[in-house]
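Visitor: Could you take me through one part of this model in close detail? I would like to see how two neighbouring elements are described.

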Amino acid sequence: MLALFILLSAATAVAPVVIRRRARYAPAWAAVPLASGLWLAWWISQPEREPAWNWAASLGVRFSFLTDGLGLLFAWLICGIGVLVFLYAGSYLEGDPRLGRFYAYLTLFFASMLGLVLADNIILLFIFWELTSLSSFLLIGYDHHRVEARNAALQTLLVTGLGGLALLAGLILLASAAGSYELSVLIARGGELRAEPLFAPGMILVILGAMTKSAQFPFHFWLPSAMEAPAPVSAYLHSATMVKAGVYLLARLTPIGGGSWLWDLVAGVGLVTMLAGFLLALPQRDAKRLLAFSTVGALGMFTMMIGLGTPKAIHASLAVLLAHAFYKASLFLLAGAFEHATGARNVGEWRGLWRSMPAPAAAAALAAASLAGLPPLFGYVAKEKALSAMLGHPVHAGIFLAGFAAAGVCSAALAAILTVRPLGGAPGDVHAPGLLLWAPPALLALLGALAGLRPAAADHWLIQPAAQAAARTLVDSHLSLWHGFDAVVLLSIGILLAGAVLYWRLGAVLAAASRLRSAASYGPLRLYETTLGGVNRLAVGTTRLLQSGKLRNYLLIVLLTTSGLAFHALISRGGLDLRTDWKGLQPHEGVLAGTIAAAAVAALLFPSRLAAVAALGVVGLGVAVIFLLYGAPDLAMTQFVVEALTVMLLVLVLYHLPRFSGFSSRRARLRDLGVSLAAGSLLTLALLSVNGIEGDTSLREFYTSNSYTAAHGRNIVNVILVDFRALDTLGEITVLAIAALGVFSLLKLRFKGGGGR
Amino acid sequence: MTSLILATAARFLFPLLLLFSVFLLLRGHNLPGGGFVGGLVAAAAFALYWLAFGTRTARRALRLNPLTLIAGGLLLAAGSGCVAFLNGRPFLTGLWVRLHVPVLGEVWAGTPLIFDTGVYLLVIGVLMLVITTLAEETREQP
């Protein structure tokens, strides 16, 4: 399994290069998800699995995988829809010079999504989870020259990224409650974990993470914004796979949390999201936004049914999820194809598609019929199952059933909006889309129809194993197209009729609803924008305050802060001990100290910069001599060379500057005098006090005794630098390199107009 | 600004200083010296050369782009830390082998020396980058 992910990383890396050369054959990249799917099928058929690779054993991070029915249902969806989307994308973005990069992002997403649903180790799951957020950011912002796309990408990243952090915290809490980082162990402990004190906070954080990822109210707003992405991305990430990650996680954790008050909360969140999503979808005329809001509604529906928690509800939830993956991905891809053909994304501008391009239009009709829940499509079968699961639910099923029925009515009306007018009527001026633009979604729509005609097969191979893995029991619930005339069928008929009525009276309903629009403007999106704006203003304010652009202000802040803190530490720790023995002072030491002090004063008084620099050089050399006298040859040597080079650099900079045109005012000079006296006297006090402190010597002894025996070096200073504390040195030289790059870019790139090298 | 005395002295001092810097680098593990100070001395050698003959000649004497030196030094230092992975040891663990060199006899050679060489190259690169950029910058000023 590790090999698969290494190969997928390699595929991500080479995609831009390979596809740039052969852009015409870009759809062939669909071989990547296809091969991964086949490999996965072979892998799970093996009787013996390779042992999990210990990534960081001391942290409990392992490359371990959990391939039960639940993970595999999602994995097949990711691979299957992946193949179709990869085929479609090359055609959709034909002629785009950055097509290779697009495929690289898409491959990255594919790999991370596959890892997410198959990971057993929760840290591994989290890493894949974040990788899907990152690839989603890259894909939404693919048209990065448009400000809307950039904003939408950022919005997605912030919302799902914050959710990801909550998820990480929650998973770690759950793991420490269970004493294991493996999901399989957590699930096996099941409901007994609920007695742990960390269970509730951990699970709430996990639910928050799942809510942001699966666009649950009040975090739903990022999903419609994400429609700035190209159509294949919307179909793949934002309807078929990524947004279902939260649902996957909740289903995965149902053995632990199912039936607790938290799962009731999940059901409530799902209900609100479902209603909000479908109701907000009705007034949309932009096809993709309409589909996005209805996806929000559908995600709410899955979440609600997972929250209800009975095996039947979970079974029905996964059935609806599969149906949704078929029809919604198909509709998104077809919306992209129609946009290509007509040049419009507005449903109102699509006309006569049936006559101008019958095959894509038939596919759209099929997919929309599944959305509406018309027999004999899979959407109908799944909806029936959901209704019966809710009718049979032991407690408070009434409100959920009513909500579900309302959602069903809206779906039916939405399906009508998407098909009745756009498909009918006289054809307009269109050019028919290419085969790869309509065949993949048509195949998806057909699969939805086939699964509806043979529900037992889909049930046996995909949904039953998944439901059993999620519920940890045998699920006594089966899918069928016709199960006798009962309350469920009556309800279904009622929902479809109400949907038809809603579509017929849509204008009047929307006019009535438009009065509520002012209230809707105070939604979570507004809160997000206000917060983001506030953070930006705060950042600008602090930057203005602190980054004046004047070197002397920076120096002032640094000196005052350092001196203040150090002084506070000296006083509060009682470290001020000035008993110093001056008797051992040698005459040459006195002369040296006097020279240094005189040079420092001279540096202040010289009216020319060059002379001041030279005087500072004398100070530095004097200090180097002190190092030499007190047995630090390494330090002295370095100091000598540094001093020489510093003077050279300063001369280099200052030589070309004009003479001082004016000196600072008297007040400024007095202020500078005060600050420098404060800093200087503090350093003096600190040095004098250090003399009196008898510190811990164990470190010194360690270095002395191990320098030669363990590190083969007699020069302890150097051994510390390159061996004992080499990581520090590595950090320091990295900083040095970055500083040099800073100088280089500040001085060099300015003259070239910022266009790069 | 060309001085005959400086130019003559620089021509003789340049190779000596470079040699000295390598000497410092190699002996650093047992006696005062090391990659950092060695790099500084080498950079001082190039700086002297630059003072005597100007930017273009100094750059030619360096042969490599300073940016390449910086990146190479950083990679070398980080890479020397990765060698430990091959032995299943943590990052930057020093690994040593006893080598038999004809003239010097038995010597210990290890990854810390490679690390120090990385530091050496990086320091030269950083200083030369700063000096040459500043030099070009000041020349372009009116």
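Guide: Here is a close look at one pair of helices in chain A. This is a predicted model, in which local features need pLDDT of at least 70 and side-chain atom pairs count only at pLDDT 80 or more, while totals for chains, interfaces and linings use all residues. Residues are numbered from 1 along each chain as its sequence is written, with chains lettered from A and ligands numbered from 1 in the order in which they are written.

Chain A holds 32 helices and two strands (DSSP runs numbered from the N terminus, H or I of at least four residues for helices and E of at least two for strands). Let us pick helix H5 (residues 122–140) and helix H6 (residues 147–178) of chain A, whose axes come within 8 Å and cross at roughly 175°. Axes here are lines fitted to C-alpha atoms, for helices over the stretch in contact, and angles run from 0 to 180 degrees between N-to-C directions. H5(A) and H6(A) are therefore roughly antiparallel, a word used for angles over 145 degrees.

Which residues of H5(A) and H6(A) make the contact? From H5(A) they include A:Phe126, A:Trp129 and A:Phe137, and from H6(A) they include A:Ala152, A:Gly161, A:Gly164 and A:Leu168. Contact means C-beta atoms, placed from the backbone, within 7 Å. By class, the contact of H5(A) with H6(A) has 13 nonpolar, six polar and one charged residues (nonpolar: Ala, Val, Leu, Ile, Met, Phe, Trp, Tyr, Cys and Pro; charged: Asp, Glu, Lys and Arg; polar: the others, Gly among them).

For the wider setting, 79% of the contacts in chain A with a separation of 6 or more join residues 24 or more positions apart.

Note on methods
Two residues are in contact if their C-beta atoms, placed from the backbone, lie within 7 Å. Angles under 35 degrees count as roughly parallel, over 145 as roughly antiparallel, 65 to 115 as roughly perpendicular and the rest as oblique.
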